[in-house]
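Visitor: Could you pick one part of this chain and take me through it up close? I'd like to hear what it is tied to and how it sits in the rest of the fold.

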Amino acid sequence: MDDFSKKYAEMVEQGTLMLRAFNPALEKFVPEGLDKLMPTMPKDMMDMMFGNTFNKDGLDSKTRMLVGLAGLVAAGAQAGPQLKVTVRHALEAGATEKEIAEVIYQMSMLGGLPAMNRALEEANAVFAENEEGNA
């Protein structure tokens, strides 16, 4: 196995472990087919995304999800489905509704009030779905 293939395998395993930490439902996630897609991606990009960003000794899953949520809100909260998925995964990673709301409020300074309102609507929809599921 050449160095690139070995590094790729390590990065995929590390990324898979991080996905499982984000959401326990992904415990059986197998990234089949990525090996055929990823060779077209520059090595530096893969190293940045999987090798350096997902530092196993770095941020915990909850913090990573809250940081991701902050980025989505600061970017203008235009990605509704991604916001909902990120909120769900943040809850799975141990974030509270109050912590999620606080992150969204904080990002109003960067993304603006319309972005904050949109993100709060998406988060409240997820909270309501969870309440219905627990009823």
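Guide: One cut-off first: a residue is called buried when its relative accessible area is under 20%, exposed when that figure is over 50%, and partly exposed in between. With that in hand, take Glu 122, whose relative accessible area is 13%, so it goes down as buried. Keep in mind that this is a predicted model, so everything here is about the prediction.

Before we zoom in, here's the backdrop. The protein chain has eight helices and zero strands, so its pattern along the sequence reads α-α-α-α-α-α-α-α. Of its 135 residues, 33% are buried. The chain exposes about 8500 Å², with carbon and sulfur atoms supplying 57% of that. Take the contacts between residues at least 6 apart in sequence: 67% of them join residues at least 24 apart. Keep that last figure in mind, as the part I've picked ties into a distant stretch of the chain.

That part is helix H5. It covers residues 80-92, which is 13 residues, and spans 18 Å from first C-alpha to last, close to the 18 Å expected at 1.5 Å a residue. Leading in, Ala 79 sits in the loop between H4 and H5. Its relative accessibility is 22%, so Ala 79 is classed as partly exposed. Ala 79 also gives a first link to a later stretch: its C-alpha is 9.1 Å from that of Ala 119, though the two are 40 residues apart in sequence. At the other end, H5 is followed by Gly 94, which has a positive phi, near 105 degrees.

Which residues of H5 are buried? They are Gly 80, Leu 83, Thr 86, Val 87, His 89 and Ala 90. The spacing in that list is worth reading against a general rule. An α-helix makes a turn every 3.6 residues, so residues three or four places apart point the same way. Look at Leu 83, Thr 86, Val 87 and Ala 90 on the model with that in mind; they are among the buried residues of H5.

Now for the charged side chains. The count for the model comes to four salt bridges. One of them joins Lys 84 to Glu 122, at 3.8 Å from N to O. Lys 84 belongs to helix H5 and Glu 122 to helix H8 (residues 113-134), so this pair ties together parts 38 residues apart in sequence. The partners differ in cover: Lys 84 is partly exposed at 22% relative accessible area, whereas Glu 122 is buried at 13%.

Further along H5, Arg 88 makes a salt bridge with Glu 129, with 2.8 Å between the closest N and O atoms. This one also bridges distant parts of the chain, from Arg 88 in H5 to Glu 129 in H8, 41 residues apart. Arg 88 is partly exposed, at a relative accessible area of 30%, and Glu 129 is partly exposed too, at 35%.

Back at Glu 122, there's another partner to add. Arg 118 meets Glu 122 in a salt bridge, 3.1 Å from N to O. Why are Arg 118 and Glu 122 separated by about one helical turn? They sit four residues apart in helix H8, so about one turn lies between them. Arg 118 has a relative accessible area of 30%, so it is partly exposed. Put these together and Lys 84, Arg 118 and Glu 122 form a network of salt bridges, with the buried Glu 122 as a member.

H8 is worth following back toward its start. Pro 114 lies in H8 and is exposed, at 64% relative accessibility. The C-alpha of Pro 114 is 9.8 Å from that of Val 73, which is 41 residues away along the chain. Val 73 belongs to another packing story: helix H4 (residues 61-74) packs against helix H6 (residues 97-106) at about 35 degrees, with axes 9 Å apart. Lys 62, Leu 66, Leu 69, Ala 70 and Val 73 of H4 make that contact with Glu 99, Ile 100, Val 103 and Ile 104 of H6. The crossing of H4 past H6 is right-handed.

Definitions and conventions: Residues numbered from 1 in each chain as written. Predicted model: local features only at pLDDT ≥ 70, side-chain atom pairs only at ≥ 80, totals over all residues. Heavy atoms only, no water. Helix = DSSP H or I, 4+ residues; strand = E, 2+ residues; numbered from the N terminus. Expected span 1.5 Å × (residues − 1). Buried < 20%, exposed > 50% of the residue type's maximum accessible area, 1.4 Å probe, protein only. Contact = heavy atoms within 4.5 Å. Areas by Shrake-Rupley, 256 points an atom, 1.4 Å probe, with all protein chains shown as cover. Axes fitted to C-alpha atoms, helices over the stretch in contact; angles between N-to-C directions. Left-handed = near helix turned anticlockwise from the far one by under 90°.
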